[in-house]
Amino acid sequence: MKIETLAIHAGNKTDEKTGAVVQPITLSTTFLRGHDGGYPGGYMYSRAENPNREALENVLAKLEGGADACAFSSGNAAGMSVFQAMEPGSHIICPDDMYHGLRNQLKLLFKGILTFDFIDFTHLENILNCFKKETKLIWAESPSNPAMKLCDIAGIAHLAREHDITFAVDNTFATPLCQQPLALGADLVMHSTTKFINGHSDVSGGALITKEKNELWEKIRTVQGFGGAVPAPFDCYLITRGIKTLPYRMRGHVQNATALANYLEKHPGVEAVYYPGLASHPQHELAKKQMISFGGMLSFLVKGGEEKAHALVNSLKIFTQATSLGGVESLIEHRYSVEGPDTQTPKNLLRVSVGLEHIDDLIADLEAAL
């Protein structure tokens with residue numbers, strides 16, 4: 001089936017008893033045992049498994065072309081499960097521009113347990129030069145948050161295979177509609193399903209999808225089950241419902257982001273625009289090679305420094321100044337003030353999650369503010 005059909009049907013199961021077309025929400029935390037002590041319904045306890053989570057995991061695996069998926073209560077919980085599955089002393093290679101929540105997680109929670117380096121992923125030789133005998137994981141993010149840097153996913157996958165290293169890609173910004181890392185050679189894909197996957201800014205969630213069910217995947221499943229950072233049934237239901245419109249929502253996000261990036265690039269009040277779909281993006285050719293489309297996220301630098309950047313976001317009427325991304329509403333945020341003292345994000349950078357409002361209204365709002 002095509003991805004639009006999978007999005008609608010792979011996460012839904014018609015209720016056999018009532019004939020309900022939409023799968024019901026199963027809120028029960030525990031399930032009836034049979035006379036022999038078994039579980040005739042196939043479920044034991046909601047932390048271990050739940051029909052709504054099972055449906056969500058199925059559609060996520062299908063969308064990314066993977067063998068299996070694990071759903072979590074947040075993107076941070078999903079990423080952390082991979083780190084928890086690593087043996088103590090393992091070395092991880094990470095990009096220098098990555099989501100600050102996962103970066104801080106490594107630096108604060110795994111200090112003394114794992115070792116890690118944050119390097120520039122835009123050149124393959126930088127990654128190769130960082131390899132150690134203890135290196136067990138390459139963690140990539142493409143496009144990156146918030147600088148919109150790309151990495152050569154197929155190239156890194158080749159290096160990882162040659163050195164028997166697991167390769168994971170945070171695909172949150174792109175979504176499976178804009179990029180398919182498993183098809184490019186990655187072993188794991190991570191999503192904050194809070195974002196475009198759910199698409200309505202009303203649920204927190206995360207997910208991992210694996211290319212194959214191997215020993216590492218079994219460890220991740222164990223972390224999910226015993227760690228217990230699983231999404232509630234209602235959260236799974238909402239995310240699965242959001243996925244049904246994901247292919248069509250992403251077309252709107254990409255169309256608006258492309259138009260907005262082109263507008264901003266020509267504006268005299270803008271220093272630079274970072275969007276993979278622009279010919280001016282330093283890795284535009286790589287984007288055309290490995291991305292299906294260029295996503296709904298962009299960043300830009302405001303001329304005049306941090307003060308002008310704050311003045312801009314405070315003058316907007318339609319764009320909402322808020323953290324997060326991927327909802328139907330357009331969000332804008334000054335990332336430097338969020339990310340902490342060690343951030344490399346420029347003080348005049350604004351990150352934009354381009355929503356589904358009419359593009360003329362979005363441009364008019366920015367025009368007035370600029």
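**Exercises on buried residues and salt bridges**

E339 and R335 are both buried. The model is predicted, and the exercises below refer to it.

**Exercise 1.** Determine which interaction joins E339 to R335, and which residues form a network of salt bridges.

*Solution.*
Step 1. E339 and R335 form a salt bridge, with their closest N and O atoms 3.3 Å apart.
Step 2. Elsewhere, R53, E57, D68 and R221 belong to one network, joined by salt bridges that share partners.

**Exercise 2.** State how many salt bridges are counted, then establish which parts of the chain the pair E87 and K219 ties together.

*Solution.*
Step 1. The count is 13 salt bridges.
Step 2. One of the pairs that meet the criterion is E87 with K219, whose closest N and O atoms are 3.0 Å apart; the cut-off is 4 Å.
Step 3. E87 belongs to the loop between α3 (75–85) and β2 (91–95), whereas K219 sits in helix α8 (residues 215–227), so the salt bridge ties together parts of the chain 132 residues apart in sequence.
Step 4. The relative accessible area of E87 is 48%, which makes this residue partly exposed. K219 is likewise partly exposed, at 29%.

**Exercise 3.** Locate D342 and R103 in the chain and decide whether each is buried, partly exposed or exposed.

*Solution.*
Step 1. The side chains of D342 and R103 form a salt bridge with an N to O distance of 3.3 Å.
Step 2. This pair links distant parts of the chain, since D342 lies in the loop between α13 (336–339) and β12 (349–353) and R103 in helix α4 (residues 100–109), 239 residues apart.
Step 3. The relative accessibility of D342 is 35%, so D342 counts as partly exposed.
Step 4. R103 has a relative accessibility of 7% and therefore counts as buried, the limit for that class being under 20%.

**Exercise 4.** Describe the surroundings of K195, the position of a modified residue in the UniProt record.

*Solution.*
Step 1. The unreviewed UniProt entry places the feature "modified residue: N6-(pyridoxal phosphate)lysine" at K195.
Step 2. K195 is found in the loop between β6 (188–191) and β7 (206–210).
Step 3. Its relative accessible area is 15%, so K195 is classed as buried, given the limit of under 20%.
Step 4. When neighbours within four places in sequence are set aside, K195 contacts T172, S324, L325 and G326.
Step 5. The side chains of K195 and S192 make a polar contact of 2.8 Å.

Conventions: Residues numbered from 1 in each chain as written. Predicted model: local features only at pLDDT ≥ 70, side-chain atom pairs only at ≥ 80, totals over all residues. Heavy atoms only, no water. UniProt positions renumbered as here; feature names shortened; annotations may be inferred. Helix = DSSP H or I, 4+ residues; strand = E, 2+ residues; numbered from the N terminus. Buried < 20%, exposed > 50% of the residue type's maximum accessible area, 1.4 Å probe, protein only. Contact = heavy atoms within 4.5 Å. Polar contact = N/O pair within 3.5 Å; in protein donor to acceptor, adjacent residues only side chain to side chain.
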